[in-house]
Amino acid sequence: MTDLSPELSSGLDTPLLTLSGVAKNYGGARPAVTDVNLTVARGSFVSLVGPSGCGKSTLLRLIAGLLTPSDGGVHWDGGVRPDDLGFVFQDATLLPWASAFENVYLPLKLKGVAADDARDRVMAALGRVGLGDVPHRLPRELSGGMRMRVSIARALVTEPPVLLMDEPFAALDEFTREKLDDDLLSLWEELGWTVIFVTHSVYESVYLSERILVMGSHTGSGRIDEDLLVDAPYPRGLPFRQSPAYFDHCKAVSAALRDGEV
Amino acid sequence: MTGARFVTILIPVMVGLAALLVWEAAVRLGDVPKFVLPAPSVIGAALLENFSSLMSALWITLRITLLAFALAVIGGVALAILFSQSRLVELALFPYAIILQVTPVVAIAPLILIWVGFDNVNLALLILAWIVAFFPILSNTTLGLRSVDHNLMDLFTLYGASRWQRLWSLQLPAALPYILGGMKISGGLALIGAVVAEFVAGSGSGTGLAWRIIEAGNRLQVPTMFAALFLLSLLGIAIFFALTLLEHLALRRWHESAVNRDF
Ligand SMILES: Nc1ncnc2c1ncn2[C@@H]1O[C@H](COP(=O)(O)OP(=O)(O)OP(=O)(O)O)[C@@H](O)[C@H]1O
Ligand SMILES: [Mg+2]
């Protein structure tokens, strides 16, 4: 139950991402992340769940290279370079003075792609998140959910082989969230990326992922305590959301989360 | 909307006109001598009478103010950018910028005059006005460049942005509201600096509005003093409105401070 199933790990010579003994101490009494050992297979969809403050964001930032570990190492394999990563922050994090188009164009602009050459890719990315008709709007003229989608389009525009998302839909209503979950899944199925998805929603993690890492339950904050597999086939739609298997998985994850809180 | 804007202009104008009328009436009825308080009509006459000399004085003051202001903006923003790139430079230089700021310009003026020489009074005025106008730009820009959202900074790191890209596409636009706020303060200060400096410099080749006021005061031409004062206020107001307009045009689309909420 705590290891990759043979089907998933077979055919993978090396894991895409390896964390060995990773720890991060911000300087407080206890470290935010301790002793995380983890491998992530290419093309997998992995969720990271845990209570608030258990170190999920810290771990994701360590993986992205935005933080340097106090101990241990983060190792990418198979020619993944830092700029192969797409990162979606917990809030939209858009340039307030720039239009939706310019915000999505930003990663390409920083790589030196001319605006004319990027136009089609930017519009395609906006189209994927259903914002093809409002490229000229400024962030403040968009709803919260639309801003979040711009942020996702920005992460998609470079077609990163690896997508790291930090509670991207946490601030959204249930309905929009389920819609964006489905959009994300179909993109993932279509493009075959590797996704690491932080959430505090048990339901969302079960619906989306092949594998769920439960953080900070048994041993207090900062560790990965359970590594669960969700062996339901994709595409997962409404039928999966309503299936008994779905609820069983949810129960299992909830139990894993509760385990530590004696 | 247009009605409301009309009222916001109309009301202060009406108040001003009413005050002028009361002033005029009070001076006439009370028989106040014009070297104590001249009536608006007398001031107006003095303005017309000395029009060309007052205008050339206005031009000199305006030129010094604008030049000092422009140099303050360029210098302040440039130094703030330098500070943002190197903590060491900031640590080394910021205390001196503060010293420059807290030392009263009146106290430095004689020294500057001696240094640049009395045949270069305009240069001295420029330096003094610059000193006064410089600091708000520097401190506001420094604050603005530092106040960038950390996640946005991380985003730029993630996409491998160079220092220059980070500065140009993120830090400077994010600092723009702060820079414009600093400009609004320092535009007024540049004028004050130019006038104070001219007072201190006394005579010489500098014959701006401040010198006109001193000169007219010495001759007890109080209406001319008022006329010069009036032009100075007008100049200050014009600078303020120009900068407010600039701020509005630059920020109205995106910044909270300038966004129009009632559509
Ligand atoms: N920059 C920082 N400096 C000091 N301590 C920090 C910093 N960032 C996070 N922490 C601490 O590290 C711990 C883990 O924080 P982290 O943001 O990783 O939690 P999280 O699991 O993402 O929580 P949430 O679900 O609320 O986002 C917390 O105790 C937090 O107080
Ligand atoms: Mg977090």
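A salt bridge is taken here as a side-chain nitrogen of Lys or Arg lying within 4 Å of a carboxyl oxygen of Asp or Glu. In this predicted model, a search of the whole structure on that basis returns 15 salt bridges over all chains. One of the pairs is formed by the side chains of Arg241(A) and Asp181(A), with an N to O distance of 3.9 Å, a value that qualifies because the cut-off is 4 Å. Arg241(A) belongs to helix α8 (residues 238-241) of chain A and Asp181(A) to helix α6 of chain A, so this salt bridge ties together parts that stand 60 residues apart in sequence.

Chain A is divided into two domains, with domain 1 made up of residues 2-80 + 161-260 and domain 2 of residues 97-160. The C-alpha centres of domain 1 and domain 2 of chain A are separated by 26 Å. Where these domains meet, 12 residues of domain 1 of chain A are in contact with 10 residues of domain 2 of chain A, and about 960 Å² is buried between them, with carbon and sulfur atoms accounting for 77% of that area. The count of salt bridges between domain 1 and domain 2 of chain A is 0, whereas 2 residue pairs in polar contact, both residues at pLDDT 80 or more, are found across this interface. On the side of domain 1 of chain A that touches domain 2 of chain A, β6 (162-166) and α6 (174-191) of chain A each supply at least two residues, and the largest share, 4 residues, comes from α6(A). By class, the residues of that side of domain 1 of chain A divide into 11 nonpolar, no polar and 1 charged. Helix α6 of chain A, which contributes to this domain interface, is also the helix that holds Asp181(A), the partner of Arg241(A).

Two backbone features of chain A were also examined. In general, most residues other than glycine have a negative phi, and most peptide bonds are trans. The peptide bond from Tyr234(A) to Pro235(A), however, is cis, with omega near -5°, and Pro235(A) is found in the loop between β9 (224-229) and α8 of chain A. Glu159(A), a residue other than glycine, has a positive phi near 45° and is placed in the loop between α5 (144-156) and β6 of chain A.

Ligand 1 is surrounded by residues of chain A, listed as Tyr26(A), Ala32(A), Pro51(A), Ser52(A), Gly53(A), Cys54(A), Gly55(A), Lys56(A), Ser57(A), Thr58(A), Gln90(A) and Glu167(A). Among them, Tyr26(A) places a polar side-chain atom 3.4 Å from a nitrogen atom of ligand 1. An N or O atom in the side chain of Lys56(A) lies 2.7 Å from an oxygen atom of ligand 1, and a polar side-chain atom of Glu167(A) is found 3.0 Å from an oxygen atom of ligand 1.

Chain B contains 10 helices and 0 strands, and its C-alpha trace spans about 75 × 55 × 25 Å along its principal axes. The contact between the chains takes 20 residues from chain B and 26 residues from chain A. The area buried between chain B and chain A is about 2100 Å², of which 65% is given by carbon and sulfur atoms. Of the area that chain B buries against chain A, 38% is supplied by Leu158(B), Tyr159(B) and Trp254(B), more than by any other three residues.

Across the interface of chain B and chain A there is 1 salt bridge, in which Arg61(A) is paired with Asp154(B) and the closest N and O atoms are 2.4 Å apart. The interface of chain B and chain A also includes 4 residue pairs in polar contact, both residues at pLDDT 80 or more. On the side of chain B that touches chain A, α7 (150-158) and α8 (163-201) of chain B each supply at least two residues, and α7(B) gives the largest share, 7 residues. By class, that side of chain B has 12 nonpolar, 4 polar and 4 charged residues.

Technical notes. Residues numbered from 1 in each chain as written. Chains lettered and ligands numbered in written order. Predicted model: local features only at pLDDT ≥ 70, side-chain atom pairs only at ≥ 80, totals over all residues. Heavy atoms only, no water. Contact = heavy atoms within 4.5 Å. Buried area = accessible area lost by both parts, 1.4 Å probe. Polar contact = N/O pair within 3.5 Å; in protein donor to acceptor, adjacent residues only side chain to side chain. Nonpolar A, V, L, I, M, F, W, Y, C, P; charged D, E, K, R; others polar. Domains from an automatic or database assignment. Near = heavy atom within 4 Å.
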